[in-house]
Amino acid sequence: MSEAVQYFLMSWVDPQLLFLVAAGTFSGIYIGAIPGLSVTMAVSILISFTFSWDILPALSLIAGIYMGGVYGGSRTAILLNIPGAPSAIATALDGYPLAQRGEAGEAIGLSTIMSFFGGLIGIVVLAVAAPVVSEFTIMFQPRDYMLLGLIGLLLVGALSGDSLGKGIFAGALGLTIGAVGLDPLTAQERFTFGQEMLWNGISPISVMIGMFGLAEALNQLHHIDTQAVKQKIGRIIPPWRDLRRYFGLSAQSAGLGVVIGALPGTGGDIAALMAYDHAKRVTRDPEVPFGKGAKEGLVAPEAANNAAVGGAYIPMLTLGIPGDAVTAIIIGALYIHGLNPGPMLLVERPEMFWFTIGNLILADIFLLVFGLTGIRLFTKMVEMPKGVLIPLITLLSVVGAYAINNSVTDVWWMLGFGVLGYIMRFYGYPVGPVILGVILTRLIDENWRRAIISSRESLGDFMLGILTSPLSLVLFLFILMVAIGQTPIWTRLRSRRRKVRPS
Amino acid sequence: MSKVPTRQPGELPVAMLFFAISLALLYSAYGISGFSALSGPGTFPLAATSIMVVSSASVLLRTARMRAGDDAGAAGFFDHVMPPLLGIFIGLIAVYAVLFASAGFLIASLVFLTAGFHLLRRRHLAGSILLAIVSLVVVYVVFRLVFKVILPEGIVPEGELVAMIGRLLSGGAAQ
């Protein structure tokens, strides 16, 4: 117990770690806020710089970036009506009308405090729930791990956008990229085409930086002449009356956010949209209608998306499966740092868990501090011309890719995947599933083979194993439910039922 | 009558390309261990690439059924998807990657930033050079000195420079 407390407080008392959490949160807020720069991009580029570090400073920086980045997107959603991140889409609905009414400052203040509050609830739930979940997951068999990997893959549906076919293609492409190199069990070459340099596989981080960093920068070249709109910023600290009034709603939204964030396949963006919908249903008579600047429409998504951060850490740390694209990247980084996120993490390295909790709370506090100050500097940053921003992002992407292994090969991979990512995005192929596939290959491939070997290579025995183990059966049914829910058959059935009902 | 959606310029060739790549990868996956065993090293790649083939085929069919836009063809592709500015910028990054390894981080980045700023801002060259120098100093201090990221030295004796700054700082602290 004392060790847990010691690790929990470590980054609070160590000046270097304290600085890194602060720096991470600060850069997360600002990168997340600049339109076109997503939190996924921030995390993928900045994480690559931590590979040569010890694990503790790296974890501190990562926690800060994630927490700050999820919040940062709300700033531009309010000021420019451009959500800086998908999790801030719901924030723009009422945040921007508030800014147009001249209440931008107050809207930022309110969203900051609610993000802080939601984030805190998420972390508390993480601290309480993860050890319980972890104790349960120790019983998992390879078969269950494989099923978990498949559950992680279902996130493809949520990340797919308009075309499920394109999303599935992207996810399968990711799985294939993840399989490149020597097979970890038999050392047989897979997709190496006789090239020795492919034996170690393609670094997932170079794929991520390419697809999220460079591809986004290339995409921004289309909007090089877009000018930022300036907003007047007045009072920032919201009146006490507002805080008291929306406390209940923010607590409910945070609860919703943490659950949605913890479910594999749904992250902050869905949490925020659901919370917005929840706020609309429970608010009987808002002062201002929703969509025209209702503060309830700002409070709910902001509390929910930051609560989802703590939630997303639960499956990541206890099961090793990502809750969203950002946690997929963090899992990749943890592997590189020699940590294996999954059921054994809390058993073998409980101190890392408490260290992470400490970091997240600290990042949440920094979020409050940086969120309520430096708005002037912020508006300057947002107005930075694209002509300056794009070369700088490219430079960081190149340096980040190089820093993975100190090798220019990774820079070429990054460039290749950057161009591919740009083309994919242009034609509506989502790039999130690619990363998901790359990350989940190992989990699914290795555990599938272990499971099928223990079933003596018999698919019948394997299925029987699933049906006779309550745990596997639950996981299997969950996969079936979600998979059917995402297919067009289900949507068609539902729309037919809806059509029938009114008649 | 429902309206047939229009496809974007280049969308069909890209869908065809993805389908062809999927087929090639499926063939390569089959070559790993064929259908020898369910636990073989090739089973997972076979499954993944089969999904690629099926999904890319469905996307290809859907794209082929769309109506070609007015600006379909190579000209439309270069207008919308790969305008000259984008092509030049990608070329610039490739040059940067080559220089990065040979001439080192400092020289390569200075050249890249100056060219990049000049290309995208379309203002005076002197301003771009100055901006590149200032940005490079900031990036260098943050990533090389604070984050301690190892960068290719190339022709500038940058390691000695760092050591000298370190000596100066420690000397300053000792006084």
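Let me start with a cut-off: buried means under 20% relative accessible area, and exposed means over 50%, with partly exposed in between. Keep that in mind for what follows. One caution as well: this is a predicted model.

Here is the first case. A:Lys295 has a relative accessibility of 15%, so A:Lys295 counts as buried. What does the side chain of A:Lys295 meet in a salt bridge? The partner is A:Asp242, at 2.8 Å from N to O. The two sit in distant parts of the chain, 53 residues apart. A:Lys295 is in the loop between helix H12 (268-282) and helix H13 (296-318) of chain A. A:Asp242 is in helix H11, residues 240-262 of chain A. A:Asp242 is buried too, because its relative accessible area is 2%. And the pair has company: A:Glu106, A:Arg241, A:Asp242 and A:Lys295 are linked in a network of salt bridges.

Stay with helix H11. A:Arg245 is in this helix, and A:Glu287 is in the loop between H12 and H13 of chain A. Their side chains form a salt bridge at 2.3 Å, N to O. This pair also links distant parts of the chain, with the two positions 42 residues apart. Buried or exposed? For A:Glu287, the answer is exposed, at a relative accessible area of 56%. A:Arg245 is at 36%, so A:Arg245 counts as partly exposed.

One further salt bridge in chain A. The side chains of A:Asp461 and A:Arg456 meet at 3.0 Å, N to O. A:Arg456 is exposed, with 64% relative accessible area. A:Asp461 is partly exposed, at 31%. Over all chains, the structure holds 15 salt bridges.

Now the interface. On the chain A side, 63 residues are in contact with 64 residues of chain B. Together the two chains bury about 5,300 Å², and 80% of that is on carbon and sulfur atoms. Which three residues supply more of chain A's buried area than any other three? They are A:Phe169, A:Leu395 and A:Tyr427, with 13% of the area that chain A buries against chain B.

How many salt bridges does the rule find across this interface? One. A:Lys166 and B:Glu11 meet through their side chains, at 3.4 Å from N to O. For polar contacts, the count between chain A and chain B is eleven residue pairs, both residues at pLDDT 80 or more. Several elements give two or more residues to the side of chain A that touches chain B, among them helix H9 (164-179), helix H10 (204-220), helix H19 (408-426) and helix H20 (432-454). H18(A) gives the most, with twelve residues. By type, that side of chain A divides into 44 nonpolar, eleven polar and eight charged residues.

On to the core. The largest nonpolar core has 203 residues. Its members that touch the most other members are A:Tyr313, A:Ile330 and B:Phe105. Helix H4 of chain A, residues 55-80, contributes the largest share, 14 residues. What does A:Tyr313 touch, leaving out residues up to four places away in sequence? The list is A:Ile62, A:Ala63, A:Tyr66, A:Leu126, A:Ile330, A:Thr356 and A:Leu360.

A buried serine next. A:Ser134 is in helix H6, residues 104-137 of chain A. At 3% relative accessibility, A:Ser134 counts as buried. A:Ser134 and A:Leu346 are 212 residues apart in sequence, yet their C-alpha atoms are 6.7 Å apart in space. A:Ser134 touches A:Leu346, and also A:Thr318 and A:Pro343, not counting residues up to four places away in sequence.

Last, backbone angles. Most residues other than glycine have a negative phi. Two residues here go the other way. A:Phe193 has a positive phi, near 50°. A:Phe193 lies in the loop between S2 and H10 of chain A. This phenylalanine is exposed, at 56% relative accessible area. A:Glu457 is not a glycine either, and its phi is positive at about 60°. A:Glu457 is found in the loop between H20 and helix H21 (459-468) of chain A. A:Glu457 is partly exposed, at 32%.

Note on methods: Residues numbered from 1 in each chain as written. Chains lettered and ligands numbered in written order. Predicted model: local features only at pLDDT ≥ 70, side-chain atom pairs only at ≥ 80, totals over all residues. Heavy atoms only, no water. Core = buried A, V, L, I, M, F, W, Y, C linked by side-chain atoms within 4.5 Å. Buried < 20%, exposed > 50% of the residue type's maximum accessible area, 1.4 Å probe, protein only. Helix = DSSP H or I, 4+ residues; strand = E, 2+ residues; numbered from the N terminus. Contact = heavy atoms within 4.5 Å. Buried area = accessible area lost by both parts, 1.4 Å probe. Salt bridge = Lys/Arg side-chain N within 4 Å of Asp/Glu carboxyl O. Polar contact = N/O pair within 3.5 Å; in protein donor to acceptor, adjacent residues only side chain to side chain. Nonpolar A, V, L, I, M, F, W, Y, C, P; charged D, E, K, R; others polar.
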